[in-house]
Amino acid sequence: EKTKVLEREKIMQTFQDITSRLEHALAGISFDELGISDEVREQVELVHAQFKRAKERPDTSDDILFNDLISAYNSSTNDNVDPDIIQRLSEKLQLVTISDLNQESLILHEMASGGDPGAVVENMSMLLKKIKDFVQTQDPIGIPASTTNPSRDENLTSPVVPDDFRCPISLDLMKDPVIVSTGQTYERGCIERWLEAGHDTCPKTQQKLPNKSLTPNYVLRSLIAQWCEANGVESPKRPAQPNNTPATCTASEHSKVIELLQKLSSQNLADQRGAAGMLRQLAKRSAENRACIGEAGAIPILVSLLPTTDVSTQEHVVTALLNLSIYEENKARIITSGAVPGIVHVLKRGSMEARENSAATLFSLSLVDENKVTIGASGAIPALVLLLGNGSQRGKKDAATALFNLCIYQGNKGKAVRAGLVPILLELLTETESGMVDEALAILAILSSHPEGKAAISAAAAIPILVGVIRNGSSRNKENAAAVLVHLCNGEQQQQHLAEAQEQGIVTLLEELAESGTDRGKRKANQLLERMNRFLKQQSQAQGDVMAQAHVQAQTLPQAPVQAQADTQLEESLPPTSSHLLPDTDEVNDH
């Protein structure tokens with residue numbers, strides 16, 4: 001591997017050629033013709049951006065390494081070699097101990113045994129000798145040279161980490177990148193600390209987060225690993241997930257929980273109501289309480305009381321489950337206890353407070369991906385749509401966040417559309433005082449990627465509303481509105497929707513969004529502008545064809561008057577016939 005550094009120009013040119021060809025190939029992909037989804041398209045564009053950056057930006061660390069090698073080669077004796085250069089070469093080539101050097105020497109001998117070693121192997125042998133002399137001088141017992149001079153700047157030859165691989169919060173290379181609901185990617189630990197501090201906005205864009213769910217960015221994680229391997233950087237290890245198990249509750253606290261569970265299991269309605277209320281409060285106070293209550297076996301008992309006809313008890317029970325679900329292990333306990341049908345029952349028939357908290361519970365449970373399928377199959381989605389349409393302000397918010405999270409799973413999108421979600425979302429967009437515009441657009445953006453969702457949005461005459469959002473909405477809302485339009489202006493009704501959007505004055509708005517919008521908003525705006533330009537070009541061409549055809553027809557029209565004039569002259573030259581002597585019909589009738 002070390003000898004390849006000496007063939008720098010040849011290898012560099014090979015990589016540059018491959019990079020350029022891959023970048024050119026990705027740039028030529030026709031996403032519209034292939035029908036690629038927005039999610040896949042964005043990942044391809046991310047890879048394309050990396051290739052483009054690699055093609056345009058030289059690797060300065062390789063330049064430094066090459067210059068150091070040349071300097072070492074040009075020095076006839078070890079005394080003439082700058083020790084700093086030799087140390088940098090030792091560290092960069094990972095030849096920092098006598099053992100490393102001996103192993104490299106063996107590899108060089110193996111290469112030479114196959115025939116003429118050539119200039120590269122000879123030069124590498126010379127370099128190994130200089131590094132070995134330096135290492136023995138600095139550290140005769142074989143400790144890595146880098147440890148003998150702690151004040152040395154170890155980052156002199158570190159490769160430049162691409163901006164897309166750095167966490168916007170810490171600016172460090174990401175180990176466990178996750179996507180927040182605004183589409184931005186952060187290091188998991190950094191964004192979790194941000195959210196735990198009470199923030200509800202995206203650190204980079206300052207937009208309000210519709211929800212606090214974190215989705216692993218597997219593609220970016222893979223790209224980072226590949227970049228590390230290509231640049232000789234140790235691939236970042238994902239931090240071990242912390243053991244979130246809180247401290248075990250005390251014996252007295254455990255006894256108190258057991259006492260409450262006994263009352264909860266009794267047939268006395270007042271005891272049930274009081275115990276459910278106390279458990280609700282305890283679960284709200286601390287993680288230790290949530291763990292203690294869950295481990296004590298409270299969840300199955302609470303689930304059994306969900307169908308109760310006592311309003312207060314039902315409110316306490318479903319809210320206690322909500323509070324308990326915050327603790328990860330309790331999520332599994334709630335699902336395995338068969339709680340979802342009972343929660344949906346409360347969502348349909350409970351008081352407004354109970355409906356609000358049942359929706360919030362479903363959202364909390366849906367943060368686990370496999371639970372999205374379970375909840376979607378339970379009949380929860382139509383009940384959530386109903387709450388979104390006729391619930392309180394808080395109920396609408398809870399329903400919207402639950403629906404957003406559930407609809408991340410493709411199989412739930414059609415259910416939401418068939419439940420009548422799209423007309424309600426569009427109505428919320430027109431009611432700016434409802435404070436639900438952000439949530440409504442975020443859900444529409446998800447649904448528009450589904451065939452049924454796209455058809456429902458199209459049938460609801462949404463174009464003017466979406467253009468209005470791009471004209472007057474926030475940056476995040478403009479981005480989501482453009483994302484919906486990208487889906488609508490593709491496929492069978494593309495021409496119709498583009499024409500309608502053009503009539504609404506969207507072209508200027510898209511140009512502004514492409515210039516000053518969010519990163520995702522710019523991409524969506526540029527996609528729409530490309531389609532609009534093709535549409536306008538086709539229109540202009542069609543109009544030109546019509547005008548050309550009309551011109552051809554106009555050239556044949558003057559022949560008719562000439563023929564008529566000739567007929568008149570011929571008629572005047574003929575003698576009058578009996579028909580010329582007859583009076584007009586009107587004259588006969590007057591008599």
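Glu353 is partly exposed, with 29% relative accessible area. This residue pairs with Arg280 in a salt bridge whose closest N and O atoms are 3.1 Å apart. The model described here is predicted. Its chain has 591 residues, and 42% of them count as buried. The chain holds 32 helices and three strands.

**Glu353 and its partner**

- Glu353 sits in helix α17, while Arg280 belongs to helix α11, which spans residues 269-285.
- The two residues are 73 apart in sequence, so their salt bridge links distant parts of the chain.- Arg280 counts as buried, at 17% relative accessibility.
- What does Glu353 do besides pairing with Arg280? Glu353 is also among the α17 residues that meet α14.

**Where α14 meets α17**

- Helix α14 covers residues 311-324, and helix α17 covers residues 352-366.
- Their axes come within 9 Å of each other.
- The axes cross at roughly 20°. The two helices are therefore roughly parallel.
- The crossing of α14 past α17 is left-handed.
- Which residues of α14 take part? They are Gln314, Glu315, Val318, Thr319, Leu321 and Leu322.
- On the α17 side, the residues are Glu353, Ala354, Asn357, Ser358, Ala360 and Thr361.
- The residues of this contact divide into five nonpolar, five polar and two charged.

**Asp398 and its contacts**

- Asp398 is found in helix α20, which runs over residues 393-406.
- Is Asp398 buried or exposed? At 15% relative accessibility, Asp398 counts as buried.
- Neighbours within four places in sequence aside, Asp398 is in contact with Glu356, Ala359 and Ala360.
- Ala360 also appears in the contact of α17 with α14.

**Other salt bridges**

- How many salt bridges does the structure hold? The count is 14.
- Glu328 forms one of them with Lys331, with the closest N and O atoms 3.2 Å apart.
- Both Glu328 and Lys331 lie in helix α15, residues 328-336. They are three residues apart, about one turn of the helix.
- Glu328 is partly exposed, at 49% relative accessibility. Lys331 is buried, with a relative accessible area of 3%.
- Arg520 and Glu479 meet through their side chains in another salt bridge, at 2.8 Å from N to O.
- Arg520 lies in helix α29 (residues 519-556) and Glu479 in helix α26 (residues 475-488), so this pair ties together parts that are 41 residues apart in sequence.
- Arg520 and Glu479 are both buried.
- Asp176, Arg188 and Glu192 are joined into one network by salt bridges that share partners.

**The chain as a whole**

- Contacts across the sequence can be counted between residues at least 6 apart. Among these contacts, 68% join residues at least 24 apart.

Notes
Residues are numbered from 1 along each chain as its sequence is written. This is a predicted model: local features need pLDDT of at least 70, side-chain atom pairs count only at pLDDT 80 or more; totals for chains, interfaces and linings use all residues. Side-chain values use heavy atoms; hydrogens and water are left out. Axes are lines fitted to C-alpha atoms, for helices over the stretch in contact, and angles run from 0 to 180 degrees between N-to-C directions. Helices (H or I, at least four residues) and strands (E, at least two) are DSSP runs, numbered from the N terminus. Angles under 35 degrees count as roughly parallel, over 145 as roughly antiparallel, 65 to 115 as roughly perpendicular and the rest as oblique. A crossing is left-handed if the near helix is turned anticlockwise from the far one by less than a right angle, and right-handed if clockwise. Contact means heavy atoms within 4.5 Å. Ala, Val, Leu, Ile, Met, Phe, Trp, Tyr, Cys and Pro count as nonpolar, Asp, Glu, Lys and Arg as charged, and the others, Gly among them, as polar. A salt bridge is a side-chain nitrogen of Lys or Arg within 4 Å of a carboxyl oxygen of Asp or Glu. Buried means under 20% relative accessible area, exposed over 50%, partly exposed in between (1.4 Å probe, protein chains only).
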